[in-house]
Amino acid sequence: MPLNKDEEIFLEEFKKIKLDPNYGDHLIWSRTLASSLETENDCKNAERIIAIDLINPLFFEIPPSIKKLRRLRKLKLISGGKVKLIPDSLADIPTLEELQFEYLNLRKLPEGIGSLSELKYLSFEFNHIDSIPNTFKPESKLLHLKFRGNNITSLPKSLKWCRELTVIRGSKNLITQLPQFIGEFHKLRVMHFARNEIQKIPNSIGNLINLEELNLNNNAIASVPDRLCLCTSLKKLSLSNNNITELPTRLGELTSLEFLSLNGNRIKNLPSSLFDLRKLKILHLDGLSLSSKDERLLQKKMPNTKCCLN
């Protein structure tokens, strides 16, 4: 089938872009690009590009004419560290549902990326990006947001509109504060912000009744709010290597908890409700100065829990 005219224009321009001189064979590039495309036919029986999936791309930037791909749903660029620029015109494609820009060399995202109303999956892990565009809209359908390994310092205010979110992975950044609107993500199941500079867990976290995984390892958190104990769907809670001195007395209300990591904190006493966590399989307490009484109680009351106490 022949390609739609807009698709042909884009492909011809894309084939001629500047390549990494170490991989400057345009014939190889042309074949690689062709194999990365997924197409479907339109009502005129012309092929329309709906997905581009490239691993270790050979180029430094995508041409602005990508906006001609009016049916593009997925753009995936992974590995190689060569791509430095994604054009702002990408945000002019209304059909985009999935964007993956991982292990590249990006320093910014297209400003309008948050206004893509069909976008469900956005990942830009392990780049050099220092901010997320503040352009999300109330009609957002975003489900997954992943941005590990960047230089993000804060979450944009407009992210509050992404109320369909089920997964946020923002570890290995420079975030100092989790906003209160985190509590509005009622469908959230997984939230990872390990290895940041977070000092406080917001009280609104208690609204996340569907949260199953929370990872806040390696931050600067000094206390755990009682409202965390309202997250009764939690199965995995990781709070290692913070500055926590005590745990909520209501900890035992986390009745679904299977994994709890508290290594490297300043906790000296365990709340008695901890021993009510009947589903707990693994408990990490390495580096804590626990009393001999608590150690004996762990052995007596939690015989089926693997306790790490080095």
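This report describes the predicted model of one protein, from its overall build to a few selected residues.

## Overall build

The protein has 310 residues, and 50% of them count as buried. It contains 3 helices and 13 strands. Along its principal axes, the C-alpha trace spans about 75 × 40 × 30 Å. About 14600 Å² of the protein is exposed. Carbon and sulfur atoms supply 46% of that area.

Contacts can also be sorted by distance along the chain. Take the contacts with a separation of 6 or more. Residues 24 or more positions apart account for 31% of these.

## Charges and salt bridges

The protein carries 46 positive and 36 negative charges. The mean positions of the two sets are 5 Å apart. Side chains of opposite charge can pair when their charged atoms come close. In this model the count comes to 12 salt bridges. Three of the pairs are set out below.

| Salt bridge | Closest N to O distance |
|---|---|
| Arg71 and Glu40 | 3.9 Å |
| Glu125 and Arg148 | 2.7 Å |
| Arg163 and Glu184 | 2.8 Å |

Start with Arg71 and Glu40, which form a salt bridge. Arg71 lies in the loop between β2 (47-55) and β3 (74-78), and Glu40 lies in strand β1 (residues 37-41), so the pair ties together parts that are 31 residues apart in sequence. Arg71 is partly exposed, at a relative accessible area of 29%. Glu40 is partly exposed too, at 24%.

Next comes the bridge between Glu125 and Arg148. This pair links distant parts of the chain, 23 residues apart. Glu125 sits in the loop between β5 (121-123) and β6 (144-146). Arg148 sits in the loop between β6 and β7 (167-169). Is each partner buried or partly exposed? Glu125 counts as buried, at 5% relative accessibility. Arg148 counts as partly exposed, at 31%.

The third pair is Arg163 and Glu184. It also links distant parts of the chain, here 21 residues apart. Arg163 is in the loop between β6 and β7. Glu184 is in the loop between β7 and β8 (190-192). Arg163 is partly exposed, with a relative accessible area of 38%. Glu184 is partly exposed at 31%.

Salt bridges can share partners as well. Glu7, Asp42 and Arg48 are joined into one network in this way.

## Glu102: a buried charge without a salt bridge

Glu102 lies in strand β4 (residues 98-102). This residue is buried, yet it has no salt bridge. Which side chain of opposite charge is nearest to Glu102? It is Lys146, 6.4 Å away. A salt bridge needs the nitrogen and oxygen within 4 Å, so Lys146, at 6.4 Å, does not form one with Glu102.

Glu102 has polar partners instead. Its side chain makes a polar contact of 3.1 Å with the side chain of Gln100. A second polar contact, of 2.6 Å, joins the side chains of Glu102 and Ser123.

The wider surroundings of Glu102 leave aside its neighbours within four places in sequence. Its contacts are then Leu77, Ile78, Ser79, Tyr121, Ser123, Glu125 and Asn127. One of these, Glu125, is the buried partner of Arg148 described above.

## Asn173: a buried loop residue

Asn173 lies in the loop between β7 and β8. Asn173 is buried, with a relative accessible area of 4%. Its side chain reaches the backbone nitrogen of Asn150 at 3.3 Å. Not counting residues up to four places away in sequence, Asn173 touches Phe147, Arg148, Gly149, Asn150, Asn151, Ile152, Arg195 and Asn196. Among them, Arg148 is the salt-bridge partner of Glu125.

## Two residues with positive phi

Most residues other than glycine have a negative phi. Tyr103 has a positive one, near 55°. Tyr103 lies in the loop between β4 and β5, and is partly exposed with a relative accessible area of 42%.

Asn218 also has a positive phi, near 55°. Asn218 lies in the loop between β9 (213-215) and β10 (236-238). Its relative accessible area is 25%, which counts as partly exposed.

Conventions: Residues numbered from 1 in each chain as written. Predicted model: local features only at pLDDT ≥ 70, side-chain atom pairs only at ≥ 80, totals over all residues. Heavy atoms only, no water. Helix = DSSP H or I, 4+ residues; strand = E, 2+ residues; numbered from the N terminus. Buried < 20%, exposed > 50% of the residue type's maximum accessible area, 1.4 Å probe, protein only. Lys, Arg positive; Asp, Glu negative; His and termini not counted. Polar contact = N/O pair within 3.5 Å; in protein donor to acceptor, adjacent residues only side chain to side chain. Contact = heavy atoms within 4.5 Å. Areas by Shrake-Rupley, 256 points an atom, 1.4 Å probe, with all protein chains shown as cover. Charge placed at Lys NZ, Arg CZ, Asp CG, Glu CD.
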